[in-house]
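Please open the model in a viewer and keep the selection panel at hand. The stops below are meant to be visited in order.

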Amino acid sequence: MRTLAEIESRFEPREHLDRYNAFFLVGIGGAGMAPLALMLRNRGFGVRGTDATGSPVVTKLLESGIEVGIGHSSLSPAEGEAVILTDAIDLRESPEVRRAQELDLGMFRRSQLLGWLLRDKKLIAVTGTHGKTTTTGLLGSALHAAGAEPGVVIGAESADFPGGVVEGSGEFVVVEACEAYDSLRDLDPFVVLLTNLEPDHLDFHGSWEGLKSHMLDFTCRIPANGALIACADDDGVNDLRLRDLPTRNHPPFAEIPYGLSPAHRSSLADQIPPLKLHGLHNRLNALGALAVCEFLKVDLDKAGAGLANFGGATRRLQILKDDNIAVVDDYAHHPTEIRASIRALRERYANRRLVVVFQPHLYSRTADFLPEFAAALSLADQVVLTDIYPAREDPIPGISSARIAELLTVPLQYVPSRHLLPRKVKELVKENDVIVGMGAGNIDAFAPSFLQELERNGKRVAVVFGGDSAEREISILSGNAVAEALESKGYSVTKYDITERLLTGQSLADLTGPDRPDAAFLCVHGTHAEDGAIQGFFELLNIPYTGSGIQTSAIAMDKARTKVCLHEVGLPTADTVLLARGEHFDPKALPCPAVVKPNAQGSTVGLSFVEKRSDLNDAIAKAFQYDEQVLIEPWLKGVEISVPVLGDRALPIVEIVPASGRYDFGAKYERGATEEIIPARISESAARKASEYAVLAHRLLGCNGATRTDMIVVGDRPVILEVNTIPGMTETSLLPNSAAAAGIGFADLCVWMIEEALQRRARNT
């Protein structure tokens with residue numbers, strides 16, 4: 001933030017601007033700087049500048065012929081240029097400031113340039129804690145309608161004043177005068193319109209008394225033929241008006257109060273026309289503008305018509321959508337402003353649920369007004385909070401949006417990342433809601449993004465395949481089949497080999513923002529896929545995905561842990577010996593004949609069937625090629641089956657009959673290597689038990705979507721071998737074949753899995 005010491009020591013006097021014909025503006029795309037850049041250009045001065053990022057404002061500056069560098073090191077001040085800085089620029093870190101010092105260039109504040117540009121006009125300064133932008137627009141519109149042809153400098157885009165500036169031919173200029181860092185000291189007012197005054201920006205002013213003192217200094221700059229036009233309905237303004245002004249040697253300017261309350265009702269109150277703007281605060285703003293017009297002796301009827309026609313400014317209760325779901329963008333960032341905005345919205349949208357999506361602005365302001373923020377926001381029906389916008393400040397220990405959340409008395413959702421706000425709010429929105437994005441930071445991106453979010457139809461799918469496991473090729477086949485099936489159902493499909501993208505540095509931008517997929521269909525298998533890794537990736541992106549979550553996937557991939565979990569609730573599992581790499585073991589103590597396999601791989605990867613004990617060491621060594629742990633379990637002889645589960649029901653049981661008698665990797669994936677018989681040739685009792693066990697295992701592990709539980713039926717007793725959370729989706733895969741036997745086509749199966757993922761996300765919000 002700008003400090004008083006910096007203001008008094010680092011910037012040259014305003015009159016030194018007379019020496020320059022060229023200007024370099026740092027932060028040129030800001031709401032306060034861009035109008036000044038246009039004014040300089042309009043008056044024939046050379047003007048260039050830099051800004052941190054591109055924006056629609058920057059685009060307009062470029063189109064007007066002003067050179068703008070994006071990034072503060074992209075363009076540097078040159079000999080003969082005055083360097084103009086916004087108060088957000090850190091003098092210690094700015095490369096433009098360093099260059100200005102190297103060249104011994106003059107440095108000036110934005111407010112100094114503003115005062116210098118307006119030095120030959122009668123300046124009407126609209127100031128106060130709240131309402132400056134709207135009141136400036138109202139007054140500018142009124143004076144234009146009355147034929148005064150004023151100049152207007154306003155701190156936001158407005159359809160009435162494109163670019164935030166109008167170069168009027170008349171003697172007056174209406175300017176928004178900010179009190180934040182005592183930039184008022186650089187203006188020479190003829191009339192001051194003081195809308196209100198409350199504690200704010202105390203990080204600079206030091207105290208409430210300090211703020212009032214600086215405002216009093218400003219009003220004392222009014223000349224004898226000028227006026228202080230002040231809202232008598234405001235306690236802070238009245239406190240200032242009652243100060244002992246003669247002790248500050250001020251000239252005897254006119255003091256004109258205005259108000260709408262019974263105690264201070266102005267005679268002009270009855271002349272306020274119906275406005276396009278809602279709320280008591282805007283009627284007060286209009287009354288203040290009328291009071292200025294009366295003092296300037298312009299035609300009040302014409303001025304009133306100008307007030308009635310003013311359409312408002314960007315982000316000042318700006319209505320972006322106004323139908324079954326209304327969307328509003330608002331700049332309110334102080335408790336008083338929040339109250340006023342909510343009351344205005346209640347006035348316009350009576351009996352509709354009001355959802356306020358709020359981003360606190362500054363740690364210091366949040367610390368100063370914690371209870372007040374909570375009380376003001378609690379006037380809404382629902383609040384969605386995101387983290388504090390720090391602007392120029394470092395975090396203050398113990399100050400966060402969570403502190404406001406603790407004090408709210410209405411339903412709340414806390415979304416720390418503002419990037420997730422559009423999708424989180426869409427998940428809670430109801431018919432007839434009014435959604436308002438509110439705050440002074442980068443929350444301005446919320447409302448437009450939310451409008452885009454409302455247009456999403458759930459038809460964009462990322463089919464994720466490949467991976468880095470031994471089942472990569474199978475995954476590619478699954479991905480291709482699923483992509484083709486979903487496209488046949490009208491989905492917009494993008495195929496993602498995530499491992500390839502990550503390891504080759506390709507962009508992941510299409511997985512974020514408005515063009516991101518609505519859901520991810522996971523066709524990856526094995527490590528970093530079925531073990532929770534890929535699920536964690538999509539959790540971080542906040543994109544719904546098919547199948548089970550992180551914890552469930554990790555447990556199910558760990559075959560030994562799965563068996564422990566299932567055995568503890570009485571489900572039959574094969575006896576297992578678990579070996580870790582480097583662990584000593586006695587082959588004589590191991591079961592034989594045996595099945596040896598990696599503990600955390602696909603069901604047939606690294607698998608060996610061992611008939612002779614002498615072959616155990618080789619089988620174990622083979623399994624250790626794929627994992628750090630190896631399972632050895634008895635080779636159970638019986639009917640091998642797999643029981644797919646879709647949601648809460650078991651599908652027809654598949655009997656697996658490999659031609660070789662061993663269901664290994666080749667038997668599983670080579671066409672014709674295994675016969676799949678549906679329904680399995682087992683007793684009705686065994687089939688019933690197997691289906692019950694599969695559904696129980698699915699539920700006990702917390703699985704979602706589709707799973708496949710592999711078993712051996714020994715005699716009439718099913719024994720669980722493992723649970724697969726991402727079943728294969730190739731033409732030889734068990735799940736699609738079982739679904740087909742149940743009358744569910746492959747494409748319909750894929751659609752069900754996507755819809756289940758989307759519905760699950762909706763239920764969990």
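The tour goes from sheet to sheet, with the helices that pack on them.

**Before starting**

This is a predicted model, in which local features need pLDDT of at least 70 and side-chain atom pairs count only at pLDDT 80 or more, while totals for chains, interfaces and linings use all residues. Residues are numbered from 1 along each chain as its sequence is written, and side-chain values use heavy atoms, with hydrogens and water left out. Helices (H or I, at least four residues) and strands (E, at least two) are DSSP runs, numbered from the N terminus.

**Stop 1: the seven-strand sheet**

Select the strands β6 to β12. They include an open sheet of seven strands in the order β8-β7-β9-β6-β10-β11-β12, with mixed pairing; two strands pair if DSSP finds at least two bridges between them. The edges are held by β8 (165-166) and β12 (254-258), each with a single partner strand, so one side of each has no neighbour in the sheet.

Next, isolate strand β6 (residues 122-127) and strand β10 (residues 189-194), which are paired in the parallel sense over five bridges. To find one of the bridges, pick T127, whose partner in β10 is L194.

**Stop 2: helix α6 and its neighbour**

Add helix α6 (residues 132-145), which lies across β6, β7 (151-153), β8, β9 (172-176) and β10. α6 runs at about 165° to β9; axes are lines fitted to C-alpha atoms, for helices over the stretch in contact, and angles run from 0 to 180 degrees between N-to-C directions.

Now show helix α10 (residues 280-295): its axis is 9 Å from that of α6, and the two helices pack at an angle of about 45°. That angle makes α6 oblique to α10, because angles under 35 degrees count as roughly parallel, over 145 as roughly antiparallel, 65 to 115 as roughly perpendicular and the rest as oblique. The crossing of α6 past α10 is right-handed, a term for a near helix turned clockwise from the far one by less than a right angle, left-handed being the anticlockwise case. For the interface, select T134, T135, L138, L139, A142 and L143 in α6, which meet N282, N285, A286, A289, V292 and C293 in α10; contact means heavy atoms within 4.5 Å.

Is S141 buried or exposed? This residue of helix α6 counts as buried at 10% relative accessibility; buried means under 20% relative accessible area, exposed over 50% and partly exposed in between (1.4 Å probe, protein chains only). Leaving aside residues up to four places away in sequence, S141 touches F161, G306 and F310.

**Stop 3: the three-strand sheet**

Move to the open sheet of three strands in the order β20-β19-β21, where the pairing is parallel. Here β20 (492-497) and β21 (519-522) stand at the edges with a single partner strand each, so one side of each is left without a neighbour in the sheet. On average, neighbouring strands of this sheet are turned by 30° against each other, direction ignored.

Strand β19 (residues 460-465) is joined to β21 by four bridges, and A462 stands opposite A520 in β21. Then display helix α20 (residues 533-541), which lies across β19 and β21 and runs at about 175° to β21. Helix α27 (residues 746-763) also packs on the sheet, touching β19 and β21, and its direction makes about 130° with that of β21.

**Stop 4: strand β23 and helix α23**

Select strand β23 (residues 594-598), joined to β25 by five antiparallel bridges. The partner of A594 in β25 is P634, and in β24 it is V610. The pairing of β23 with β24 is antiparallel, over three bridges. Five of the five residues of β23 are buried, so the strand is largely enclosed by the rest of the structure. On one side lie A594, V596 and P598, and on the other V595 and K597.

Strand β22 (residues 577-580) runs antiparallel to strand β25 (residues 629-634), with four bridges between them; V577 has I632 as its partner in β25.

Finish with helix α23 (residues 616-624), whose buried residues are L616, A619, I620, A623 and F624. Seen down the axis of α23, they fall within an arc of 140°, so they line one face of the helix; the arc is that of the directions from the helix axis to the C-beta atoms. These buried residues pack against β22, β23, β24 (608-610) and β25.
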